[in-house]
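Trainee: I've got a model open and I'd like to talk it through with you. Can we take it piece by piece?

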Amino acid sequence: MKKKIEELINEAFNAKEKAYAPYSNFKVGAALLTRSGKIYTGCNIENASYGLTCCAERVAIFKAVSEGEKEFDTLVVVGDTDEPISPCGACRQVMSEFGDYEVILVSKNRKIKKVSVKELLPYSFEKENLEK
Ligand code: THU
């Protein structure tokens, strides 16, 4: 499949504008391309009970999974950072649930870092570990 990187980055920046982040004022956007060719976007959604906040990456992944999609091609994450944004540990674990795929991290000025899920979270927890 020809990857639509530029389109994904634009979608992620658009999603970032929808962020609900009145507590941190730090907006994040994500765009997830599935192997079926669809794009699911996400933004961070904060809460007065801070710990209930959901990051943009997880919103995008949960939207995709809730629509029946579990095979991912590329996840783009954008933030208002000088260097490409670095996803939190919880999101890395959620990403790794659905295998190894490309993750493109983007800064506010579109500086890009391409990594894989396995690079972001080596030696991740997997269900198989419980079954051995
Ligand atoms: N956040 C994300 O949405 N994704 C990241 O990769 C880093 C952090 C959000 C969570 C919170 O709403 C705000 O950014 C500050 O941590």
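Trainee: What do the buried residues of helix 3 pack against?

Mentor: Keep in mind that this is a predicted model. The buried residues of helix 3 are Cys-91, Arg-92, Val-94, Met-95 and Ser-96. Look around them and you'll find that they pack against helix 2 (56-66), strand 3, strand 4 and helix 4.

Trainee: And what handedness does the β-α-β unit with helix 3 have?

Mentor: Helix 3 covers residues 89-96, and strand 3 and strand 4 are the other two parts of the unit. Strand 3 and strand 4 (residues 102-106) run parallel, joined by five bridges. The unit of strand 3, helix 3 and strand 4 is right-handed.

Trainee: Sticking with strand 3, why is it largely enclosed by the rest of the structure?

Mentor: Go through residues 72-79, which make up strand 3, and check whether each is buried. The cut-off for buried is under 20% relative accessible area. Strand 3 is largely enclosed because the number of its buried residues is eight of the eight.

Trainee: Which residue of strand 4 stands opposite Leu-75?

Mentor: Let's do both sides of Leu-75. In the antiparallel pairing of strand 1 (residues 28-34) with strand 3, which has seven bridges, Leu-75 is the bridge partner of Leu-32. Over in strand 4, the residue opposite Leu-75 is Val-103.

Trainee: Moving to helix 1, how far does it reach from its first C-alpha to its last?

Mentor: Helix 1 runs over residues 5-16, so count twelve residues and allow 1.5 Å for each step, with one step less than the number of residues. The expected figure is 16 Å, and helix 1 comes close to that. Its reach in the model is 16 Å.

Trainee: How wide is the arc that the buried residues of helix 1 cover around the axis?

Mentor: The buried set in helix 1 is Ile-5, Leu-8, Ile-9, Ala-12, Phe-13, Ala-15 and Lys-16. They sit on the same side of helix 1, because the arc they cover around the axis is only 160°.

Trainee: Which strands do those buried residues of helix 1 pack against?

Mentor: Remember the spacing rule: an α-helix has 3.6 residues a turn, so residues three or four places apart point the same way. For helix 1, the buried residues pack against strand 1, strand 2 (39-43), strand 3, strand 4 and strand 5 (112-116).

Trainee: Let's do the cysteines. How far is the sulfur of Cys-88 from the closest cysteine sulfur?

Mentor: The structure holds zero disulfides. Cys-43 is in none, and the nearest cysteine sulfur to it, that of Cys-54, is 9.5 Å away. For Cys-88, the closest cysteine sulfur belongs to Cys-91, and it is too far for a bond because a disulfide needs the sulfurs within 2.5 Å. The distance is 3.8 Å.

Trainee: Is Cys-88 buried, partly exposed or exposed?

Mentor: Take Cys-43 as a reference point: at 11% relative accessibility, it counts as buried. Cys-88 has a relative accessible area of 30%. That value makes Cys-88 partly exposed.

Trainee: Which residue does Asn-25 have for company in the loop between helix 1 and strand 1, with a relative accessibility of 63%?

Mentor: Asn-25 lies in that loop and counts as exposed at 63% relative accessibility. Its phi is near 55°, a positive value in a residue other than glycine. The residue you're after is also found in that loop and counts as exposed at 63%: Lys-18.

Trainee: What is the phi of Tyr-123?

Mentor: Most residues other than glycine have a negative phi, and most peptide bonds are trans. Tyr-123 lies in the loop between helix 4 (117-120) and helix 5 (128-131), and it is exposed, with a relative accessible area of 86%. Tyr-123 is not a glycine, yet its phi is positive, at about 55°.

Trainee: Last one. Beyond its neighbours within four places in sequence, which residues is Ser-107 in contact with?

Mentor: Ser-107 is in the loop between strand 4 and strand 5. At 0% relative accessibility, Ser-107 counts as buried. Leaving those sequence neighbours aside, its contacts are Phe-13, Gly-79, Thr-81, Asp-82, Glu-83 and Pro-84.

Technical notes:
Residues numbered from 1 in each chain as written. Predicted model: local features only at pLDDT ≥ 70, side-chain atom pairs only at ≥ 80, totals over all residues. Heavy atoms only, no water. Buried < 20%, exposed > 50% of the residue type's maximum accessible area, 1.4 Å probe, protein only. Helix = DSSP H or I, 4+ residues; strand = E, 2+ residues; numbered from the N terminus. Pairing = 2+ DSSP bridges. Right-handed = clockwise from strand over helix to strand, strands pointing away. Arc of directions from axis to C-beta. Contact = heavy atoms within 4.5 Å.
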